[in-house]
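Here are some notes for your first reading of this structure, set out as numbered points. Please keep the sequence and the 3D view open beside you, and find each residue as it comes up.

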Amino acid sequence: MTIFLGVLAVLIILGIIYLASIPGTYEIRVSKSLPADQDRIFDKIIDLESWPEWSPWLMHEPDCPLSYQGNVKEVGGSYSWDGERIG
């Protein structure tokens with residue numbers, strides 16, 4: 001019986017040593033490949049008027065009123081929304 005307790009104690013100590021030696025952080029990476037040309041994707045991202053076609057936020061409320069200010073394909077252009085679900 002004492003040999004069993006000694007082996008059990010050694011296994012527990014080795015387990016604690018192992019757990020103390022592994023890193024305490026982790027990282028999750030997710031990626032997705034799109035079958036499209038980079039220029040085509042970039043044009044969709046910089047054109048704010050095309051965002052309702054692909055934005056996950058605007059998909060929750062497709063009838064959300066949007067308003068655009070300035071040239072939405074250049075620096076300084078912007079848009080705003082006033083939705084019931086997305087704010």
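1. In which loop does G24 lie? Looking along the chain, you will find G24 in the loop between α1 and α2. With a relative accessible area of 80%, which is over the 50% cut-off, G24 counts as exposed. If you compare G24 with M1, the two are 23 residues apart in sequence, and their C-alpha atoms are 36 Å apart in space.

2. Before going further, please bear in mind that this is a predicted model. The average pLDDT of the protein is 86, and 100% of the residues score at least 70. Confidence is highest in α1, at 91, and lowest in helix α4, which covers residues 56-60 and has a mean of 81. As a general caution, predicted coordinates should not be read in detail where pLDDT is low.

3. Helix α1 spans residues 2-21, and I13 has its place there. I13 is also one of the residues of a nonpolar patch on the surface, which is formed by I3, V7, V10, L11, I13, L14 and I17. Taken together, the residues of this patch have about 700 Å² of accessible area. One member of the patch, L11, can serve as a reference point for distance: L11 and E53 are 42 residues apart in sequence, and their C-alpha atoms lie 57 Å apart in space.

4. The aromatic residues deserve a careful look, and the structure holds four aromatic pairs. In one of them, the ring centres of W51 and Y79 are 5.6 Å apart and the planes stand at 75 degrees, so this pair is edge-to-face, the angle being over 60 degrees. W51 belongs to helix α3 (residues 51-54) whereas Y79 belongs to strand β2 (residues 78-81), so the pair ties together parts that are 28 residues apart in sequence. W51 is partly exposed, with a relative accessibility of 23%, while Y79, at 18%, counts as buried.

5. Y79 takes part in another pair, this time with W81, in which the ring centres are 5.5 Å apart and the planes are at 45 degrees, so that the pair is tilted. W81 counts as partly exposed, at a relative accessible area of 41%. What do W51, W54, Y68, Y79 and W81 form together? These five residues make up one aromatic cluster, and it is worth displaying their side chains together when you turn the model.

6. How many salt bridges does a search of the whole structure find? The search finds two. In one of them, R29 is joined to E27, and the closest N and O atoms are 2.5 Å apart. Both partners count as exposed, R29 with a relative accessible area of 73% and E27 with 58%. As background, side chains of opposite charge can pair when their charged atoms come close.

7. The other salt bridge links E53 with K44, and here the closest N and O atoms are 2.6 Å apart. E53 is found in helix α3 and is exposed, with a relative accessible area of 54%, whereas K44 is partly exposed, at 32%.

8. K44 also has a contact through its backbone, since the backbone oxygen of K44 lies 2.7 Å from a polar atom of the side chain of S50. S50 sits in the loop between α2 (38-46) and α3. Is S50 buried or exposed? At 4% relative accessibility, S50 counts as buried, because the cut-off for that word is under 20%.

9. Finally, please look at E61, which lies in the loop between α4 and β1 (66-69). E61 counts as buried, with a relative accessibility of 12%. What does the side chain of E61 reach at 2.7 Å? Its partner is the backbone nitrogen of E84.

Methods. Residues are numbered from 1 along each chain as its sequence is written. Side-chain values use heavy atoms; hydrogens and water are left out. Rings of Phe, Tyr and Trp (its six-membered ring) pair if their centres lie within 6.5 Å; planes under 30 degrees apart count as stacked, over 60 as edge-to-face and the rest as tilted. Helices (H or I, at least four residues) and strands (E, at least two) are DSSP runs, numbered from the N terminus. Buried means under 20% relative accessible area, exposed over 50%, partly exposed in between (1.4 Å probe, protein chains only). Patches are made of residues with over 30% relative accessible area and no salt bridge: like charges are joined within 9 Å, nonpolar side chains (Val, Leu, Ile, Met, Phe, Trp, Tyr) within 5 Å. Accessible areas come from the Shrake-Rupley method with a 1.4 Å probe; for residues, only the protein chains shown count as cover. A salt bridge is a side-chain nitrogen of Lys or Arg within 4 Å of a carboxyl oxygen of Asp or Glu. pLDDT is the predictor's confidence in each residue, from 0 to 100. A polar contact is a pair of N or O atoms within 3.5 Å; within protein, one must be able to donate a hydrogen and the other to accept it, and residues adjacent in sequence count only if both atoms are side-chain atoms.
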